[in-house]
Amino acid sequence: MNTNVHNSGLNPAQHAAVNHGSGPVLVIAGAGSGKTRTLVYRMAHLLGQGIAPESILLLTFTRKAAQEMLWRAGQLTDDSSNRIMGGTFHATANILLRQYGHFLGLGARFSIIDRGDAEGIINLIKSSLGLSGAGKRFPSKRIIMNFISGSINKSRTIDDLVYESSPHLSEFVEDFHSIRQHYDQFKLDHGLMDYDDLLVNWQRLLTESPEAKEMICNRFQYILVDEYQDTNLIQAHIIRLLASNHDNVMVVGDDSQSIYSFRGADFYNIMRFEQQFPGAEVITLEENYRSTQPILELTNAVIRNAEEKFTKSLFSNIEGDIRPTLYTAKNEAAEARYIVKTIRELRNQDIPVNEIAVLFRSGFHSYKLEMEMTSNYLSFEKRGGMKLTESAHIKDVLAFFRILVNPWDNLSWNRILLQLDKVGPKTAQKIIAFIKESDTPTSALANFTPGKTWKEGFGKLVQIITEIDKPELTPSAVYDKVMEYYLPIFEKIYYDDYPKRRKELDQISALVSGYGDIQSFVDDTTLDPPENTDVQAGQDGEDRIILSTIHSAKGLEWDVVFVMGLAEGRFPHQNATPGPQWEEERRLLYVAATRAKKHLYLTYPTELVAADRQHIRTGMSPYLREIPQGLYVKDEIDKRPAYMQQSSPEPAFQSTRKKQSARTTYATGGVVKHPYFGIGRVVSILGPQRVEVAFDRHGTKILHLDYANLETIES
DNA sequence: AGAACTATGTTTTTT
DNA sequence: ACATAGTTCT
């Protein structure tokens with residue numbers, strides 16, 4: 001193996017980390033200081049020392065990050081075999097539990113549930129306990145889930161959490177406890193594990209089973225952890241246990257980039273590291289290799305006012321004297337226009353499109369911008385917000401895969417049965433109760449006697465389940481058969497926006513073909529849900545501008561970064577309370593701004609539209625107000641000549657949803673064109689937003705004008 | 001009683 | 001675009 005690792009242009013601090021012998025190391029590294037690079041070289045160094053790849057464990061924040069790092073380490077060592085184990089805590093827990101879970105008496109068959117599933121269970125319990133009829137005052141499933149999950153990954157009691165964060169809910173504490181008990185029992189009964197269970201059971205593996213602990217600890221001799229500030233107490237404990245034989249742990253983190261406390265992350269883990277691992281070497285990386293000095297000066301100003309005292313002050317040697325730009329927009333539409341206009345100018349300066357990103361606090365803050373970009377033919381990719389696997393039709397399809405992996409997965413059975421016409425929640429539960437008694441629920445389904453009205457649909461279901469319940473089938477083969485069954489149902493349920501959803505199903509088809517076994521397909525789609533990339537604007541292979549929530553932008557960088565929606569009430573988030581939450585929002589802005597390499601644009605609207613369509617005037621985010629004025633320049637588009645303010649003329653047929661009135665736009669007998677169904681004739685107008693259209697080849701459909709995107713051919 | 005339909009409300013961030 | 005509550009249909 002080659003060792004040109006030594007001539008790699010690392011700075012002395014990075015070099016010290018990479019070449020560290022054995023024993024614990026804490027690397028405190030600022031934004032853009034080459035954290036990832038350091039870890040990659042560290043892996044290469046270990047391999048160069050003759051350490052077996054199998055004995056290295058790399059834990060990162062996303063699976064993608066791990067794959068990227070492993071690939072780069074492989075490049076450095078000319079070893080592409082990639083036998084280093086690397087991934088997220090949760091994915092690693094999944095693998096280890098499937099291998100060693102029997103030491104805890106865990107069944108081999110368990111399936112992993114995401115947050116949506118968990119909330120679904122909470123809801124079932126809520127109604128079975130008679131809590132949902134109690135009026136709106138009873139807290140929503142999401143809030144309940146926060147307390148249950150929080151009590152695990154923050155290592156606190158539900159009572160404490162309620163008292164601290166929402167004292168007005170304390171009257172419900174008993175109900176929360178009861179719901180939690182039922183929730184835990186439900187998961188046990190149906191072989192389900194949520195994200196918290198994965199970590200807790202990994203921890204149990206290391207504390208309750210000496211055999212498992214020995215096997216795992218002997219297996220991994222070197223532990224590397226990225227983004228350590230985002231670990232929670234359980235994860236820190238797991239690291240401590242994993243390394244109990246050898247203390248060969250390197251953790252890398254940045255306390256000023258901790259933005260995940262809402263799910264239990266505790267950046268004090270960094271401060272505690274030296275107590276947990278006495279004698280740990282501490283290395284600080286302060287040089288920034290990403291951003292120009294003017295950008296750093298602004299980001300340093302953002303973080304300077306933090307209540308916690310952070311240790312680092314970043315400096316950069318990168319040339320560049322362009323100060324960040326601040327733009328104050330009249331409203332959200334003007335903000336979107338400004339961003340689009342500026343992107344165009346940048347593109348004319350030959351800045352590649354894939355070096356531009358727009359970041360925001362919450363998924364819906366970009367809606368206006370998405371519309372503006374679509375009508376200007378700028379293609380974009382949105383990250384954060386809804387995941388592909390969170391939409392109903394995708395879940396419908398995945399449910400078939402999940403019952404194959406775990407036939408006791410009640411949730412998935414429920415989904416599948418509810419697709420049948422004339423079968424509702426009650427009937428579904430009856431069927432599930434019946435098949436649950438059997439050793440092989442999938443084949444027991446055929447023995448259930450269906451009701452008269454839904455006998456036919458049920459027969460088809462039994463047939464398809466029998467067909468796919470064969471271990472020798474590949475995931476792709478299962479997918480094809482499932483679609484054969486599901487498509488007619490699908491078309492009926494989602495007649496409104498059939499084409500768009502259909503495209504998403506095709507994405508799943510592409511995804512499933514990459515898997516050899518169903519188990520790993522199901523696990524991966526839950527642990528690492530694919531983004532729902534909006535492909536409607538732009539073709540495949542075309543570079544797209546990234547629109548992303550700040551959380552999803554973590555660890556990435558672009559030449560040009562816009563941070564939008566920096567208005568009071570939007571950033572920090574409306575419900576953020578003074579104290580730790582307020583400080584976390586500040587760090588969030590810090591993370592956003594430090595993604596920029598050359599150009600940073602900060603924008604905010606002075607008027608927001610509330611949920612009730614009221615226009616509310618607002619000012620700039622308090623964090624911006626704290627920044628000395630000399631650190632940015634103000635751009636004033638409104639003072640430019642009028643012709644520059646115009647965005648391009650609207651295309652004749654655009655996909656943005658304009659409010660149309662069926663009665664004024666369409667008439668019975670008119671000819672219309674639908675992007676998927678083709679040419680059709682209006683049969684009747686059913687309401688202000690709904691028309692019934694007879695299509696030449698697809699029969700008669702009822703279309704909702706908000707979604708259907710109809711084009712008038714002849715009225 | 002249970003399914004299906006309609007109107008209304010709402011939206012932090014995510015492994 | 002979803003979830004929920006309230007209403008109507010079978």
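The following exercises, each with a worked solution, concern a predicted model of a protein with DNA strand B.

**Exercise 1. The sheet**

Determine the order of the strands in the open sheet, and identify which strands stand at its edges.

*Solution.*
Step 1. The open sheet is formed by 6 strands, and reading across it gives the order S3-S2-S6-S7-S1-S8.
Step 2. The pairing of these strands is parallel. In general, strands of a sheet pair through backbone hydrogen bonds, in either a parallel or an antiparallel manner.
Step 3. Strand S3 (85-87) and strand S8 (281-285) each have a single partner strand, so one side of each lacks a neighbour in the sheet; these two strands stand at the edges.
Step 4. From one strand to the next, the twist averages 10°.
Step 5. Strand S2 (residues 56-59) and S3 run parallel and are joined by 3 bridges. Within this pair, Leu58 has Gly86 of S3 as its bridge partner.
Step 6. Helix H2 (residues 35-48) packs on the sheet, where it touches strand S1 (25-29), S2, strand S6 (222-225), strand S7 (249-253) and S8. The direction of H2 makes about 165° with that of S6.

**Exercise 2. Two crossing helices**

Describe how helix H9 and helix H10 are oriented to each other, and state which residues make their contact.

*Solution.*
Step 1. Helix H9 comprises residues 195-208 and helix H10 residues 210-219; their axes come within 5 Å and cross at roughly 105°.
Step 2. Angles of 65 to 115 degrees count as roughly perpendicular, and H9 and H10 are therefore roughly perpendicular to each other.
Step 3. H9 contributes Leu205, Leu206 and Glu208 to the contact, while H10 contributes Pro210, Ala212, Lys213 and Ile216.
Step 4. By class, the residues of this contact comprise 5 nonpolar, no polar and 2 charged.

**Exercise 3. The surroundings of DNA strand B**

Characterise the protein surface near DNA strand B and its polar contacts.

*Solution.*
Step 1. There are 23 residues around DNA strand B, of which His90, Arg361, Gly363, Lys422 and Thr427 come nearest.
Step 2. The surface near the strand has 6 nonpolar, 11 polar and 6 charged residues. Helix H18 (residues 425-436) supplies the largest share, 3 residues.
Step 3. Among the atoms of DNA strand B within 4 Å of the protein, 62% belong to sugar or phosphate, and the rest belong to bases.
Step 4. Phosphate oxygens of DNA strand B lie 2.8 Å from a polar side-chain atom of Asp421 and 2.4 Å from a backbone N or O atom of Lys422.
Step 5. An N or O atom in the side chain of Arg263 is 3.4 Å from a sugar or linking oxygen of DNA strand B.

Terms used: Residues numbered from 1 in each chain as written. Chains lettered and ligands numbered in written order. Predicted model: local features only at pLDDT ≥ 70, side-chain atom pairs only at ≥ 80, totals over all residues. Heavy atoms only, no water. Pairing = 2+ DSSP bridges. Helix = DSSP H or I, 4+ residues; strand = E, 2+ residues; numbered from the N terminus. Axes fitted to C-alpha atoms, helices over the stretch in contact; angles between N-to-C directions. Contact = heavy atoms within 4.5 Å. Near = heavy atom within 4 Å. Polar contact = N/O pair within 3.5 Å; in protein donor to acceptor, adjacent residues only side chain to side chain. Nonpolar A, V, L, I, M, F, W, Y, C, P; charged D, E, K, R; others polar. Parallel < 35°, antiparallel > 145°, perpendicular 65-115°, else oblique.
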